[in-house]
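Q: Hi! I have a new protein open on my screen and I'd love some help reading it. Can you walk me through it?

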Amino acid sequence: MDILKKHLPFTGEEGLHELKKVAERFEEKIYTAATSQSDYLRKLSLKMLTMETKTQNTVLNSSSSYPLIGTSSTPPDPEED
């Protein structure tokens, strides 16, 4: 639920109820596709890890508005060559 909370906006009691329904459908879909308990746990873990990684990449990309080290915003001086 915690990972879903990061990805899906929700407010109040109704939002929490909707979030629980999404979690149930998510888990049911993975359960139906799994061939064994270990496959179910693997698929569930992989999906949650993928969601968490996407969140971290989004945060990193949004904070990368700083200029790269070694780049300059001024054009090179042609007389220095």
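A: Sure, here is a short chat about this model, topic by topic.

Q: Great. What kind of model is this, and what do I need to know before I start?

A: This is a predicted model, in which local features need pLDDT of at least 70 and side-chain atom pairs count only at pLDDT 80 or more, while totals for chains, interfaces and linings use all residues. Residues are numbered from 1 along each chain as its sequence is written, and side-chain values use heavy atoms, with hydrogens and water left out.

Q: What is the mean pLDDT of the protein?

A: The mean is 75, and 58% of the residues reach 70 or more. The term pLDDT is the predictor's confidence in each residue, from 0 to 100.

Q: Where does pLDDT stay under 50?

A: That happens over residues 70–81, for which the model has zero contacts beyond four places in sequence. A contact means heavy atoms within 4.5 Å.

Q: OK, new topic. How many helices and strands are there?

A: The protein has three helices and zero strands. Both are DSSP runs, numbered from the N terminus: helices are H or I with at least four residues, and strands are E with at least two.

Q: Which helix has the lowest mean pLDDT, and which the highest?

A: Among the elements of the protein, helix α1 (residues 2–7) has the lowest, at 66, and α2 has the highest, at 88.

Q: And which residues make up the largest nonpolar core?

A: Five residues do: Phe 26, Ile 30, Ala 34, Tyr 40 and Leu 44. Helices α2 (12–33) and α3 (37–62) each supply at least two residues of this core. A nonpolar core is a set of buried Ala, Val, Leu, Ile, Met, Phe, Trp, Tyr and Cys residues joined through side-chain atoms within 4.5 Å.

Q: Why does Ile 30 count as buried?

A: Ile 30 counts as buried because its relative accessibility is 10%. Buried means under 20% relative accessible area, exposed means over 50%, and partly exposed is in between (1.4 Å probe, protein chains only).

Q: What does Ile 30 touch?

A: Not counting residues up to four places away in sequence, Ile 30 touches Tyr 40, Lys 43, Leu 44 and Lys 47. Ile 30 lies in helix α2, and its C-alpha atom is separated by 9.2 Å from that of Lys 47, which is 17 residues apart from it along the chain.

Q: Leu 44 came up there too. Is Leu 44 buried or exposed?

A: Leu 44 is buried, with a relative accessible area of 17%. This residue is found in helix α3, and leaving aside neighbours within four places in sequence, Leu 44 is in contact with Phe 26 and Ile 30.

Q: Let's switch to rings. How many aromatic pairs are there?

A: The count is one aromatic pair. Tyr 31 and Tyr 40 form this edge-to-face pair, at 6.0 Å centre to centre and 75° between the planes. Rings of Phe, Tyr and Trp (its six-membered ring) pair if their centres lie within 6.5 Å; planes under 30 degrees apart count as stacked, over 60 as edge-to-face and the rest as tilted.

Q: Are those two tyrosines buried or exposed?

A: Tyr 31 counts as exposed, at 60% relative accessibility, whereas Tyr 40 counts as buried, at 13%.

Q: Last one: what about Asp 39, buried or exposed?

A: Asp 39 is buried, with a relative accessible area of 11%. A polar atom of its side chain lies 2.9 Å from the backbone nitrogen of Thr 35.

Methods. A polar contact is a pair of N or O atoms within 3.5 Å; within protein, one must be able to donate a hydrogen and the other to accept it, and residues adjacent in sequence count only if both atoms are side-chain atoms.
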